[in-house]
Amino acid sequence: MRTIVFIESNKSGSSREAIKAAERLGYFTVLFTNRQKFIQQRTEFPEVHQMIFVELSIYDEIKNNLIKLQKQGKQIKGIFSFVHSYVHVAAALSEEFCSSVVSTDAILKMENKVLTRKLLKGHPNSPHYALYNPDEFSLENFIDQAKNYFPLIVKSPTSAGSKDVMLANNENQLKLVLQELLKKNEQILLEEYLEGPQYLIEVLVHNGKVHIVAIIEQQITLFQRFIVTGYCLLPYINQRMYDNIHEAVSSILKAFQMKNGACHLEMRLVKGVWKLIEINPRISGGAMNRIIEVGYGINLVEETIQLMLGNEPRLTKKHRKYVYAHYLTVESRGKLNRVTGKELSSQYPGVEEVYIKPRQGQIVRPPLSMGDRCGYILASSDFKIEAKRFAIRAASNIHFYIDPI
């Protein structure tokens, strides 16, 4: 029985759609999860043929469960993860249990922001950074050295989805942020604050050739953290801009020596130079797979699976449309009583999908990370401004009723 094992998934978004894609491709799908809630909601995952509770922090426990699957007669063709923190684990296991073409070492370095910055030190597309290690510097001396470079971005080396990424404008803010992050991290990464429009670039690398699948303009809102609240797929880009992006992305990936794999880069255009905000060895989560599918007719998670199985991905664009995803957030913390307006919003012109994440009774809050966003409206059009207008107008009908706690 040809089997693909997935190491963890989210309830929705790219990681969940990857499992559905594997089922469509005819594979027996197995999900290893450490979320007890998923086991209790087992019937809500029809595309998962076998779900196994595994303590994913214990490598040998994952291996033992893979061996059990093999003893059951399952031919493991791939071990994948589309969830941050498990991409490298899955790649390493895939090397051990089945033929693998992915660049495992590159994935390891992309998953850790310190390793990324060290690898790209001095690279023209990488910003200046500093690393705070309390064993090497006193907090006061480090802040004294950093004070000439404000504003600064301060982040955990393993952060994802804007979690533990903060802005420090002065010495007092920097001290508070460092003290907060040191509770959970042994070292802290500081980067220069870059001003300029921000873009997300979705990439597949096949046999060393860099394929830019999609370029997405990001709308960033500063709550307590920097949160992306809007994504606009750009189906038409002038050749000069595309060539500059391709050159920067190719140069960065050459430094990582990535031969096969998927990644996305967040970059800002700063005074004519593309600067890397961060890189992750997977497709973006959330609505990204749907954005690309609506805009181009390409199911990127499916093509990523094909690539990782050793096949050539099919990246020909079937059509070109502007797609805008407007994310929903709440302004106060509390227990969700109900949500209204979803059906009305879905009837608006251009609206492709309305997704509400939290369930009734769930605790919601203003976003401290991307995971705190409460859903999205996805709209498309032949015109950029229209796609955005469709999504935002439809979103105005959504109302979250929250009981304070």
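**Close-up views of a predicted model**

**View 1. Glu303 sits in helix α11 (residues 300–308).** This is a predicted model, so treat every view here as a look at computed coordinates. With a relative accessible area of 5%, Glu303 counts as buried, because the cut-off for that label is under 20%. Setting aside neighbours within four places in sequence, Glu303 makes contact with Leu204, Ile298, Pro313, Arg314 and Leu315. There's also Ala262 to look for: 41 residues away along the chain, with its C-alpha atom 9.7 Å from that of Glu303.

**View 2. Phe82 and the largest nonpolar core.** This core has 50 residues, and the members touching the most others are Phe6, Phe82, Tyr231, Ile291 and Ile305. Zoom in on Phe82 and, once residues up to four places away in sequence are left out, you'll find it touching Phe6, Ser15, Ala18, Arg282, Ile283, Val301, Thr304, Ile305 and Met308. A second core, separate from this one, is made of 45 residues, Met110, Ile212, Val249 and Ala387 among them. Nonpolar side chains tend to be buried together in soluble globular proteins.

**View 3. Helix α4 (residues 87–97) is mostly covered.** Nine of the eleven residues in α4 are buried. Going along the helix, those are Val87, His88, Val89, Ala90, Ala91, Ala92, Leu93, Ser94 and Phe97. What do the buried residues of α4 pack against? Their partners are β1 (2–7), α3 (59–71), β4 (75–80) and α5 (104–111).

**View 4. The buried side of helix α8 (residues 171–181).** Leu174, Val177, Leu178 and Leu181 are the buried residues to pick out here. They span an arc of only 100° around the axis, which puts them on the same side of α8. From there they pack against β5 (129–132), α7 (139–146), β6 (152–155), β7 (165–168) and β8 (188–192). At the N-terminal end, Asn170 acts as the cap for α8: one of its side-chain oxygens is 3.2 Å from the backbone nitrogen of Asn172.

**View 5. Helix α7 and its buried residues.** In α7, look for Leu139, Phe142, Ile143 and Ala146, which are buried. Viewed down the axis, the buried residues of α7 fall within an arc of 95°, so they line one face of the helix. They pack against β5, β6 and β8, and against α8 from the previous view.

**View 6. An open sheet of three strands, in the order β17-β15-β19.** The pairing is antiparallel. Which strands are at the edges? They are β17 (363–364) and β19 (399–403), each of which pairs on one side only. Strand β15 (residues 334–340) is joined to β19 by five bridges, and the two run antiparallel. For a landmark, find Lys335, which stands opposite Asp403 in β19.

**View 7. Two buried cysteines, Cys232 and Cys374.** Cys232 has a relative accessible area of 3%, and Cys374 comes in at 2%. How many disulfides are there, taking one to be a pair of cysteine sulfur atoms within 2.5 Å? The count is zero. A disulfide is a covalent bond between the sulfur atoms of two cysteines.

Conventions: Residues numbered from 1 in each chain as written. Predicted model: local features only at pLDDT ≥ 70, side-chain atom pairs only at ≥ 80, totals over all residues. Heavy atoms only, no water. Buried < 20%, exposed > 50% of the residue type's maximum accessible area, 1.4 Å probe, protein only. Helix = DSSP H or I, 4+ residues; strand = E, 2+ residues; numbered from the N terminus. Arc of directions from axis to C-beta. Contact = heavy atoms within 4.5 Å. Polar contact = N/O pair within 3.5 Å; in protein donor to acceptor, adjacent residues only side chain to side chain. Pairing = 2+ DSSP bridges. Disulfide = S-S within 2.5 Å. Core = buried A, V, L, I, M, F, W, Y, C linked by side-chain atoms within 4.5 Å.
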